[in-house]
Amino acid sequence: MEQKRRLLIFVFSLVFVLVGMSQVSIYAPQSQMPEVKNDTLEVSLITKYPAAEVYELYGHEAVRVKSSDFDLAFDYGLFDFDAPNFIYRFVKGETDYMAGCHDFPMFMAACEADGAMVVEQRLNLTQEESHRLLELLLWDVRPENRRYRYNYVKNNCATKILDRIDQAVGEQIDYNDSVRFGSYRKVLTHYGRNYDWYQFGVDLILGSGLDYELSRREEMFVPIELMMSASKASLNDGRKLVSEEKVIYEGRGDMTLDATPFLISPLFIGLLLLVVISFVTIKSLIKGRICRWTYALWYGVCGMAGCLVFFMVFVSEHEATSPNINIWWLNPLALIVPMMVWSRRMNKIVWCYMALNTLVIAIFLISLPFQNQVLNVAVYPLIFADFMLSVGYLINKNNKNIWQSGKTVKQK
């Protein structure tokens, strides 16, 4: 059952892959807004560790503001799943997330339900800075202000908080920390390391925009990275940003799933498919007969996946979906084959597609050392299988075999 669950991760990741870039919460009612008084405030960063689900792999971040009158959590990870056309707009990159305010005990109850560790970092802010931060947070959660255009690496639950803290202290904070990963893709690969099918989906539909060199602050779109760097940060006047750090909920250990067994990993499945395609291609060359079912199934799946890649490249507004070199070998044109491979009259069109596909993949493979985009290792067996099928088709047709009643005869 657990293995089937892992296999399903890839299917869902093709649609909800971008959800996984930040912990999210379903829309929740606002807590009653407090009045800003000249009360003593305690302000803390609240970091929730990753949990088991794909959308929980990067943890979650919130701000706790406490006084003698209230104890609140401010959160930028809310969305309304019932909004019109939510799934389409999310995939297209037009998702509006919301800022929210909750009673802190209610917020903690939701965190504890997932079983993941929660860490509190008390911020070493003056009362003037703390009140300024509270005013900024209260402004953000007003009904007319609370919606914002979500971006999974540049405008999420962690980056919004970083920006507000900078505004409150009147400077961009020096986090005194070195780069840990170097690119967005390496960050995502690290946190999704046990979720091979999810990571395969990420690498398939997100392009070279994930592979440029980052600053440490850019890596802090992940709450755990924010927490680690905040503990080393200093303000211009020499104050440490964090005055105290403590675990406020121990959790139930590492909540992420175990690593995907190799025998059901994308790489093994890809290698297995390459072996099968090699066998089918060699057999068809020996017999001089094309297995139309193989071509229809393979290019049907490639074409449907190509439609998704095409949509993400040319329609979606999400960060880093374009350019994406995977579209060279995975695109909607592949659907020509399952639609026409059965018809003798359409042989020339299929032949032209196979010739073009062979040329494009050859150029693609030659150009790979000069590309900035990093491909998932499991993609390579699939590309070689695609190339082999195309070449096999061309060789068969160039041997002047033609279909007659589902069999092949030598052309005279």
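Let's start with salt bridges. A search of the whole structure turns up 18 of them. Keep in mind that this is a predicted model. And the basic idea behind a salt bridge: side chains of opposite charge can pair when their charged atoms come close.

I'll take three pairs. The first is Arg 216 with Asp 177. They form a salt bridge, and their closest N and O atoms are 3.4 Å apart. Where do Arg 216 and Asp 177 sit in the chain? Arg 216 is in helix H8, residues 216-219. Asp 177 is in the loop between helix H5, residues 157-169, and H6. That is 39 residues apart, so the pair links distant parts of the chain. Is Arg 216 buried or exposed? Its relative accessibility is 5%, so Arg 216 counts as buried.

Second pair: Arg 180 and Glu 225. Their side chains meet in a salt bridge, at 2.9 Å from N to O. This pair also links distant parts of the chain, 45 residues apart. Arg 180 lies in the loop between H5 and H6. Glu 225 belongs to helix H9, residues 223-230. Now look at the accessibility of each partner. Arg 180 has 40% relative accessibility, so it counts as partly exposed. Glu 225 has 0%, so Glu 225 counts as buried.

These two pairs have company. Which residues are linked in a network of salt bridges? They are Asp 177, Arg 180, Arg 216, Glu 219, Glu 225 and Lys 232.

Third pair: Asp 237 with Arg 239. Here the closest N and O atoms of the salt bridge are 2.8 Å apart. Asp 237 counts as exposed, because its relative accessibility is 54% and the cut-off for exposed is over 50%.

Now on to helices. Two packed helices are described by the angle between their axes and the distance between the axes. Our example is H6, residues 184-191, and H7, residues 196-205. Their axes come within 9 Å. They cross at roughly 165°. Why is H6 called roughly antiparallel to H7? Because the crossing angle is roughly 165°, and angles over 145 degrees count as roughly antiparallel. The crossing of H6 past H7 is right-handed.

Which residues make the contact? From H6, find Arg 185, Leu 188 and Thr 189. From H7, find Gln 199, Val 202 and Asp 203. What kinds of residues are in the contact of H6 with H7? Two are nonpolar, two are polar and two are charged.

That's the tour. Thanks.

Key:
Residues are numbered from 1 along each chain as its sequence is written. This is a predicted model: local features need pLDDT of at least 70, side-chain atom pairs count only at pLDDT 80 or more; totals for chains, interfaces and linings use all residues. Side-chain values use heavy atoms; hydrogens and water are left out. Axes are lines fitted to C-alpha atoms, for helices over the stretch in contact, and angles run from 0 to 180 degrees between N-to-C directions. Helices (H or I, at least four residues) and strands (E, at least two) are DSSP runs, numbered from the N terminus. Angles under 35 degrees count as roughly parallel, over 145 as roughly antiparallel, 65 to 115 as roughly perpendicular and the rest as oblique. A crossing is left-handed if the near helix is turned anticlockwise from the far one by less than a right angle, and right-handed if clockwise. Contact means heavy atoms within 4.5 Å. Ala, Val, Leu, Ile, Met, Phe, Trp, Tyr, Cys and Pro count as nonpolar, Asp, Glu, Lys and Arg as charged, and the others, Gly among them, as polar. A salt bridge is a side-chain nitrogen of Lys or Arg within 4 Å of a carboxyl oxygen of Asp or Glu. Buried means under 20% relative accessible area, exposed over 50%, partly exposed in between (1.4 Å probe, protein chains only).
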